[in-house]
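Biologist: Got a minute to go through this one with me? I'd like the short version.

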Amino acid sequence: MEFADFILTPKLDGVIFHDHLHTTIIDGTLMISGHHLIFSTRQEGEKELWLLHKNIDAIDKKPCILNNNVVGGLIILKCKDLRLKAVGTLPQEYPFFYRPMYSILEDGFTMFSIESEFSKLLTTDWRVSTVNKDFTVCPTYAATLVVPKLISDEQLVQSAGFRDGGRFPILSYRHENGSILLRSAQPLSTRPRCRADEAILNGVLGRSSKGFIVDTWGKGKSNSEADINYSQWKKINRSIGNISNPGNILDSLTKLVDACSDTHCSSDKWLSRLESSGWLGLVLNSLNAACVVAQCLDQEGSPVLVHGGKGLDSTLIITSLAQIILNPDCRTVRGLQALIEREEDFWCYISVVPGLYLPTILSIPMQFRVNTSLLIQLFEHSYSSNFGTFLGNCELDRHNHKVKKLTISLWSYLNRPDILKNFLNPLYEPNSNVIWPSVAPISLELWSELYLRWVIGPQNGNITKDITEIVTHEKELRSQVLKLRKCAVDLSKQIPGVFTNGN
C-alpha cells in the first residue's frame, strides 16, 4: 500500500497559514497527497505551497480546547530546508512519480562518466577497474573505479579486506603537477598489515620521496597505518570535529537552525547558541584541513591519502574542498556537477555540505562561475527533490532501484538555459591558478542567505540584478570603445596626417 491509501481526509477548507515571511495570516485550503502537503489560497499575490513530505523534519500539534472540546488547533511544521511552517522506501519517493512539463534537452545521468572525467590519466599509469561491478568488494563504492595500472584486481580485493567497509584507496584527483589525491577508509584494527595496500600507496609515489596521510578524525580516534610498513608516508592529524558519523554533523546543524529560528532571544544568548552549535568550528576546521591537503599536493608536489573512520564523512568533505581550491574546473557549472558525481556518496550521506562551500566562495567570489543561489538549490534538493540525483546513499542503492532509468536528473533541469542563467555569477573572471581561502576565524561569517532566509527574507535578489545590469552595460561600453578605435584607425588611413601634428 502507498501512503495515499492511509489518507482519511485529503482536503480541509478554512485553514489559516503563517510563516516567518508573512506578517499576516493567509486563509485557504490544505490538501494532502501521496507525496505533497499543498496549501492553496485565492488571496491575490499569494502562490500555492507545495511541500514534499520528505522535507518535513518535525511536526508539533497544539490543539485548541474550548469547554473541554477540541475546536481546532495549530500544526507547526519544521522543515529540513530551514523553513518553519504553521498550518518510505526509495520506490515510494516522489522522484519516481515526477514527470516534467518540459522537454529534456540533456540527460544529466549520462553527462559524466569515469572514462570521460579521467580520460587523460587512462593513457598513462592508471586504468579503469570493474572489480566492484557487482558491489561485493565494497558496497559503498561505484561499479567502476580508477586505480593504478600496475595494481591487479586481486590486490584491490586484498586491500579492501584491510580497510573499514572495504573502502580501499582510490583516485579522487590528479593535480596539474602530477601529484595524486587518494581517499579511503581507515585500516581495520584486526589486520596489522596488508602488502597489497602498501603496494597501492607506494605505487603512486612516482618521483616523490614521500607522501602524506591526512587523518581527519585526529590522533587516537581512528586506526592508522603502521610507520614501519609505510615508511615513506608522513602522518598528519587534522581533526575537523566530532563527526564520526553524518548524524553528528546534522546535530550541529540542528542546533544552528534552532538558534536561527529563535527570533525572541537576546543577542548575547543567540551568539552563545551559535558558538555552542559548533557549526562555525566545523567549517573552519574543514577549510584548514582542505588547505593542508592542497598545500601538500601543490607546493610539496607529493601524493596525499585522506581518510578518517569509514571514509564516508570528513574524508569526502576534505577531498571535495581541496579539489575546489586546486582545480579551476571545479569552480565552473559543469565542473561542480562533475565533482558531485565523482564524490556522489559524499553528497548523499551529508546533505549539509553546500554550507561548507560558502567561505571559499565568499573569500574569492569572482573565481566561481556559479553564485550562492545554486548552492541553496543543491541544499534544498539534497533534502527533498523532484529529481533522483540525490536519492539513495550510494550507487548500489540507485542501481537496485533503477534510479537512472525511472527518475529525472537534477542536472537536466538546472542546465536548461532559461534556468541556468539565474545561477551564474556576473562577476566571474576565469582563473587557472590555485585559490587560497582565508582560514582566519575573523573571516568566517554566518551564511544569512541560507540560514536566516526564512526569518529575514531574501536579501540579495535586487543586488544581483543590479550587478548583472552594471556588468552588461560595461561590456556594451567596451564594445563601443573598440568600434570607435577601429573607426579612428580606418579614418587615419584614409586621411593621412589628420591625427598628427595637431592637424
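Modeller: We can start with the whole chain, then turn to one helix pair and a few single residues. Keep in mind that this is a predicted model.

Biologist: Okay. How many helices and strands does the protein chain have?

Modeller: It has 18 helices and 14 strands.

Biologist: And what share of the residues is buried?

Modeller: Buried residues are 48% of the 503 in the protein chain.

Biologist: What about the surface?

Modeller: The chain exposes about 25,600 Å². Carbon and sulfur atoms supply 53% of that area.

Biologist: Let's look at a helix pair. At what angle do H6 and H7 pack?

Modeller: The angle is about 60°, and the axes are 8 Å apart. H6 covers residues 279-298, and H7 covers residues 314-326. Because of that angle, H6 counts as oblique to H7. Oblique applies here because 60° is neither under 35 degrees nor within 65 to 115.

Biologist: Is the crossing left-handed or right-handed?

Modeller: H6 passes H7 in a right-handed crossing.

Biologist: Which residues meet there?

Modeller: From H6, they include Ala289, Ala290, Val293 and Leu297. Ser286 and Asp298 are also among them. On the H7 side, Ile317, Ile318, Leu321 and Ile325 are among the partners.

Biologist: What classes of residue make up that contact?

Modeller: The contact of H6 with H7 has 12 nonpolar residues, one polar and one charged.

Biologist: New topic. What is notable about the phi of phenylalanine 135?

Modeller: Its phi is positive, about 65°, although phenylalanine 135 is not a glycine. Most residues other than glycine have a negative phi.

Biologist: Where does phenylalanine 135 lie?

Modeller: In the loop between strand S8 (126-129) and strand S9 (145-148).

Biologist: Buried or exposed, that phenylalanine 135?

Modeller: Buried. Its relative accessible area is 7%, and the cut-off for buried is under 20%.

Biologist: What about lysine 402? What is its phi?

Modeller: Near 55°, so lysine 402 is another non-glycine residue with a positive value. Lysine 402 is in the loop between helix H12 (395-400) and helix H13 (403-406). At 49% relative accessibility, lysine 402 counts as partly exposed, because exposed needs over 50%.

Biologist: Last one. Where is leucine 8?

Modeller: Leucine 8 lies in the segment before strand S1 (11-19). With 79% relative accessibility, leucine 8 counts as exposed.

Biologist: How far is leucine 8 from isoleucine 32?

Modeller: Their C-alpha atoms are separated by 9.9 Å. Along the chain, leucine 8 and isoleucine 32 are 24 residues apart.

Technical notes: Residues are numbered from 1 along each chain as its sequence is written. This is a predicted model: local features need pLDDT of at least 70, side-chain atom pairs count only at pLDDT 80 or more; totals for chains, interfaces and linings use all residues. Side-chain values use heavy atoms; hydrogens and water are left out. Helices (H or I, at least four residues) and strands (E, at least two) are DSSP runs, numbered from the N terminus. Buried means under 20% relative accessible area, exposed over 50%, partly exposed in between (1.4 Å probe, protein chains only). Accessible areas come from the Shrake-Rupley method with a 1.4 Å probe; for residues, only the protein chains shown count as cover. Axes are lines fitted to C-alpha atoms, for helices over the stretch in contact, and angles run from 0 to 180 degrees between N-to-C directions. Angles under 35 degrees count as roughly parallel, over 145 as roughly antiparallel, 65 to 115 as roughly perpendicular and the rest as oblique. A crossing is left-handed if the near helix is turned anticlockwise from the far one by less than a right angle, and right-handed if clockwise. Contact means heavy atoms within 4.5 Å. Ala, Val, Leu, Ile, Met, Phe, Trp, Tyr, Cys and Pro count as nonpolar, Asp, Glu, Lys and Arg as charged, and the others, Gly among them, as polar.
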